Amino acid sequence: MSNIDLSSPAPRALFLGMAGNFSPPSLLALLDSGVEVCAVVLPARDHHAGQPPLRLMEKSAQARPMLPVLQSSLHNSIVTIAWKRDIPVWEVARMSDPETISLFSQYRPDVLCVACFSLYIPRAILTIPRLGCLNVHPSLLPANRGPDPLFWTFHDGHRETGVTIHMMDEGLDTGPIVAQEKITIPDGITYAQLEAECAALGGKLLAQSLWQLYHGAAALTSQNESKSSYLPMPADKDYVVVAAEWEARRVYNFIRGVASRGMPVTLITGEKSIQVMNAISYSLNDVESGANDEFIKVQCIDGWVLVK
């Protein structure tokens, strides 16, 4: 670790992210704002007996997605972004291991920044940065805490969501809020489109928040626990919709939002069960162009949805 440069006057950050579309905008925003990103950290792709707690990734290594991600490519991954700037990239298998803690400590970061990371970050890591740890979360905290808030945004039929930058503590998305901004959800938007919008806004807010924290100008707001909610990773049952119990708009937007992830939505209509991968339109009145060989017309509480 003797090659670590500790002389930079800019804030020093360790960046934790994953392969996929959500992490790159945050890393790029930090770099573009002048933050010194001293290392990029990803969860290990494989877990097996005898595996070291962490390893330095060589430029010939190939990073592959570790969560369900859409339209991911290596050229815009955080790994390639880091390599192009000669930033070391580490894969970590055990965050609590003394070797991992020692490595993070030797970088002497001012802030640890997280934008989608699947491993639990223990207190021994959270206390390393002198200014604390910032997380990018795609919901309006304290609502929709948890690992996949965008799924539940579509599932519950929300008309708006947003991005929250918060300080990290030992809870799950429970730390004080540093910045927050709303996003309106239009009809028909897909998961990938909403994720991209949240990721871009999250990068902007993360860079702003880090510099405010660095200059002692960040205003922290405790989360209101009485308004909090935590939702887990979706299970198969969460992709099942009883059409007669949902509004047409909610059915349409849920299918449009999540079916593109590769998991079909199962519609229960009467005694039938239909697996659908796309929704074409919805109406609060009758649909003139009803069912045909290509589309299926499904009745909801207040209208109809055309699906296929």
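In this predicted model, H137 of strand 6 has T164 as its bridge partner in strand 7. Strand 6 and strand 7 run antiparallel and pair over four bridges. On another side of the pairing pattern stands strand 5. Strand 5 and strand 6 are parallel, with three bridges between them. Here L112 stands opposite C133 of strand 6.

Strand 6 is largely enclosed by the rest of the structure, because five of its five residues are buried. In a regular strand, side chains alternate between the two faces of the sheet. Both faces of strand 6 are covered. C133, N135 and H137 lie on one side and are buried. L134 and V136 lie on the other side and are buried too.

L112 also leads to strand 1. In strand 5 (residues 111–115), L112 is the bridge partner of L14. Strand 1 and strand 5 run parallel and are joined by five bridges. Strand 1 also pairs with strand 2 (residues 36–43), in the parallel sense and over five bridges. In that pairing F15 stands opposite V40. Helix 1 (residues 23–32) completes a right-handed β-α-β unit with strand 1 and strand 2.

Strand 1 (residues 12–17) is mostly covered, with six of its six residues buried. R12, L14 and L16 point one way from the strand. A13, F15 and G17 point the other way. Residues of both sets are buried.

The loop between strand 6 and helix 5 holds P142 and N144. A cis peptide bond, with omega of about 15°, joins L141 and P142. P142 counts as buried because its relative accessibility is 12%, below the 20% cut-off. The C-alpha atoms of P142 and N224 are separated by 6.6 Å, although the two residues are 82 residues apart along the chain. N144 has a positive phi of about 60° and is not a glycine. N144 has a relative accessible area of 6%, so N144 is buried.

Most residues other than glycine have a negative phi, and most peptide bonds are trans. Another positive phi in a residue other than glycine occurs at D173, where the value is near 65°. D173 lies in the loop between strand 7 and strand 8 (177–184). At 13% relative accessibility, D173 counts as buried.

The largest pocket contains about 830 Å³ of space. Its lining has 41 residues, and the closest to its centre are C116, F117, S118, G146 and P147. Strand 6 (133–137), helix 5 (149–155), strand 7 (160–167) and helix 6 each give two or more residues to the lining. Strand 6 gives the most, with three residues. By class, the lining of the pocket divides into 24 nonpolar, 11 polar and six charged residues.

The structure also holds one cavity of 30 Å³ or more. The volume of the largest cavity is about 60 Å³. T153, F154, G157, H158, I185, R249, R250 and N253 line this cavity. Helix 5 and helix 7 (248–258) each supply at least two of the lining residues. Helix 7 contributes the largest share, three residues. The lining of the largest cavity comprises two nonpolar, four polar and two charged residues.

Helix 6, one of the elements of the pocket lining, spans residues 191–214. Helix 6 has 24 residues and reaches 34 Å from its first C-alpha to its last. This is close to the 34 Å expected at 1.5 Å a residue. G216 follows helix 6 and has a positive phi, near 70°.

Conventions. Residues numbered from 1 in each chain as written. Predicted model: local features only at pLDDT ≥ 70, side-chain atom pairs only at ≥ 80, totals over all residues. Heavy atoms only, no water. Expected span 1.5 Å × (residues − 1). Buried < 20%, exposed > 50% of the residue type's maximum accessible area, 1.4 Å probe, protein only. Pairing = 2+ DSSP bridges. Right-handed = clockwise from strand over helix to strand, strands pointing away. 1 Å grid on protein atoms, 1.4 Å probe; cavity = no way out; pocket = protein on both sides within 12 Å on 5 of 7 lines; lining within 4 Å. Points joined across faces, edges and corners; volume = space filled by probe spheres on them. Nonpolar A, V, L, I, M, F, W, Y, C, P; charged D, E, K, R; others polar.
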